[in-house]
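The following numbered points are offered as a colleague's note, to be read alongside the sequence and the coordinates. They begin with local backbone features and proceed to the wider organisation.

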Amino acid sequence: MTVDSTLRRDGRAAADDLVGALAGPAAPERSRVLAALETVRDPELDEPITSLGFVASCTVSGGGDVSVRLRLPTYFCAPNFAFLMVADAYDAVSAVPGVARADIVLEDHFASDAINGGVAARAGFVDAFAGEAESDLDGLRVDFLRKAVMAGTHLVCRPLVADGMTPETLAGLSLGDVPPSPEVDRLRRRRIDLGLPAGDDAALLIDAATGDSVGAAAIPLHLRRARTTHVNIDANTSICRGMFAHRYVGAGSGGVADSVPADAD
Amino acid sequence: MYEKDGEKYFIVDSHMHYWNAAPDNWVPGAEQFAKGWIECFHAYQSLAPAETHWPIEKFQKYSEEDLMRDVFTDGYVDVAIFQPTYLKEWYTEGFNTTERNAALGEKYPGKFIVNTRWDPRDGEEGLKELRHNVERYGSKGVKLYTAEWKDGSRGWTLKDPEAYRYLEACQELGIKNIHVHKGPTIWPLDKDAFDVSDVDHAATDFPALNFIVEHVGLPRIEDFCFMATQEPNVYAGLSVVIGGLMHARPRFFAKVMGELLFWVGEDKMTFGSDYGIWEPKWQVEGFVDWDYPDGGEFSDYPRVNTASKKKMLGLNAARLYDIEVPAECRLNAGEGTPAAQDDAQLVEQV
């Protein structure tokens, strides 16, 4: 799969935004680093790793060395997603002004060594799993961003449909026609991540792969699929949270989950 | 059989195990994987009611007595279908082999159906073993793990020509039911291990076989649903859905059930406890009592009634496996036909 060149990692983008807010090369405040980590999402659950409790600890030395420990719900969580989260955390933390060195360590995972080593060496997934993987993970990331767009479409459209809006009306709406809400903002961000139109005049309902607008006749099935995608993410997240709680009893204490607003994304 | 409010439910547990994951069965040098695997399974059990949780020692290796009591005496199950999982890289005698299951099957005639497995990468030897297992154990179904690594191969798909040879052999040998594991996996795959498009192809090309997608593709339920609605011979295996969500997250459970009932339909959903992860007792009791919670977000999902639950808890699987159902547990006239492919409607318009 060809990855759109506009695909970007949120962590880096958000960290770039912080540049102006800081003066000089002094070591960053821990809250800045946590804010950067908050932009890193579990691609499968479309939720920040901070609110999921995956950040076990985060320390910043006076010299600007940052050490982050990450942990996941199970020893066998899919290594491709794990790799993406560790790599994204590395990028996000490294981009915070004043960070001299970022050390990101995934703990308690069967592929910890391969993932940590690969990320620290700035190697891709293929090199980290030499002989065991054939392609890097941008395609996987794109697939899951598309799912996030579909799930977000459900959240934005459900109240409109509940208010009696017909497919014909929905087909004529652009993003700017929808009342502002966190759900709309989030949908726009996911569309931007994919290089899809996200401006006020962009159609509200588009095909998440092609960006083409969806015609009225196809809208009921499109929304039905969007809803199923949303339900899947919710169910999956609930299982992951349950497993995580079993593994790390009292998680949150010792972790940094409580120190950032939940669902801040 | 389970009886509630005068209704009799014939229970087929279509996905369960009898494993040994205790340290005495760990492959030297692979201990951390063997230990990590069973601890991961154990974490799933934490999603069940607290009074059904086991200590890890029992969970690693439960006894024959435990199984017979939990599944049949207390768990209401009439017929249980063993699904093997080998994992011989980590477990010396295998985690849960056809042979281990068959030993129980032979001891308790009529209680178990012993499924076997195959892997197209095993070539001629594998075909020979499949024939042997069918002759020896009377297997009418197989459990397949397409995401499994083997000797540098990064998994396989049902579309592979080698897999088609095995599917042809299944038809010839009288195996009707192909249970495909599309659920949580562990291998460092760079492709998406949950991809269900291969089931789509095989189901089209082998219309006489039934494809039961275990764990409904979780965590990719939507991909499974969009595929299953197009294939009359694709079924939804409910293991993990009921065990993992019904107690722990009832609202999400209701939504997942609503989606499956909409896209796949009650004639094509089969109960599996996934024992020893979860005991069947609480799952059967809870599911018979289950209905959607109040609230508008559930109002447009298909409704369920007693007949729906009878089908999902046993009658659909009984039909797939030609299990004789006592007259008192069958559906009344006008209540539909279990496992009916014709009733499955392709969802193209809503």
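1. Leu87(B) is buried, because 21 other C-beta atoms lie within 10 Å and the cut-off for a buried residue is 20 or more. The model is a predicted one, and in it Leu87(B) adopts a positive phi of about 50° although it is not a glycine. Leu87(B) is placed in the loop between strand 4 (79-82) and helix 4 (98-107) of chain B. Most residues other than glycine have a negative phi.

2. Val240(B) also merits inspection. This residue is not a glycine, yet its phi is positive, at about 80°. Val240(B) belongs to the loop between strand 9 and helix 9 of chain B, and it counts as buried because it has 22 C-beta neighbours inside 10 Å.

3. Two peptide bonds in chain B should be examined. The bond joining Leu218(B) and Pro219(B) is cis, with omega of about 15°; Pro219(B) sits in the loop between strand 8 (210-214) and helix 8 of chain B. The bond from Tyr275(B) to Gly276(B) is likewise cis, and its omega is near 0°. Gly276(B) occupies the loop between strand 10 and helix 11 (280-289) of chain B. In general, most peptide bonds are trans.

4. Helix 10 (residues 250-263) of chain B has the expected length: at 1.5 Å a residue its 14 residues should span 20 Å, and the end C-alpha atoms are indeed 20 Å apart. Of those 14 residues, 10 are buried, so the helix is largely enclosed by the rest of the structure. Among the buried residues of helix 10 of chain B are Phe252(B), Phe253(B), Met257(B) and Trp263(B), as well as the charged Lys255(B) and Glu259(B). Their packing partners include helix 9 (219-247) of chain A, in addition to helix 8 (221-228), strand 9 (234-237), helix 9 (241-246) and strand 10 (269-270) of chain B. Just after helix 10 of chain B comes Gly265(B), with a positive phi of about 95°.

5. The contact between the chains takes 34 residues from chain B and 36 residues from chain A. On the side of chain B, helix 1 (31-45), helix 8, helix 9 and helix 10 each supply at least two residues; helix 1 of chain B gives the largest share, 7 residues. By class, this side of chain B has 19 nonpolar, 6 polar and 9 charged residues.

6. Chain A is divided into domain 1 (10-135) and domain 2 (139-240), whose C-alpha centres lie 28 Å apart. Their contact involves 10 residues from domain 1 of chain A and 11 residues from domain 2 of chain A. The domain 1 side comprises 4 nonpolar, 2 polar and 4 charged residues.

7. The largest nonpolar core has 172 residues, and those with the most contacts inside it are Leu37(A), Val86(A), Ala89(A), Val93(A) and Val213(B). At least three residues of this core come from each of the two domains of chain A. Not counting residues up to four places away in sequence, Ala89(A) touches Leu37(A), Val40(A), Val68(A), Leu70(A) and Ile104(A).

8. Strand 3 (residues 55-60) and strand 4 (residues 65-70) of chain A pair in the antiparallel sense over 5 bridges. Ser57(A) has Arg69(A) as its bridge partner in strand 4 of chain A. The two strands form a hairpin with 4 residues between them, and Gly64(A) in the turn has a positive phi of about 90°.

Conventions: Residues are numbered from 1 along each chain as its sequence is written. Chains are lettered from A and ligands numbered from 1 in the order in which they are written. This is a predicted model: local features need pLDDT of at least 70, side-chain atom pairs count only at pLDDT 80 or more; totals for chains, interfaces and linings use all residues. Domain bounds come from an automatic or database domain assignment. Two residues are in contact if their C-beta atoms, placed from the backbone, lie within 7 Å. Two strands pair if DSSP finds at least two bridges between them. The expected span of a helix is 1.5 Å times one less than its number of residues. A residue is buried if 20 or more other C-beta atoms lie within 10 Å of its own, exposed if 12 or fewer, and partly exposed in between; C-beta atoms are placed from the backbone. A nonpolar core is a set of buried Ala, Val, Leu, Ile, Met, Phe, Trp, Tyr and Cys residues joined through C-beta atoms within 7 Å.
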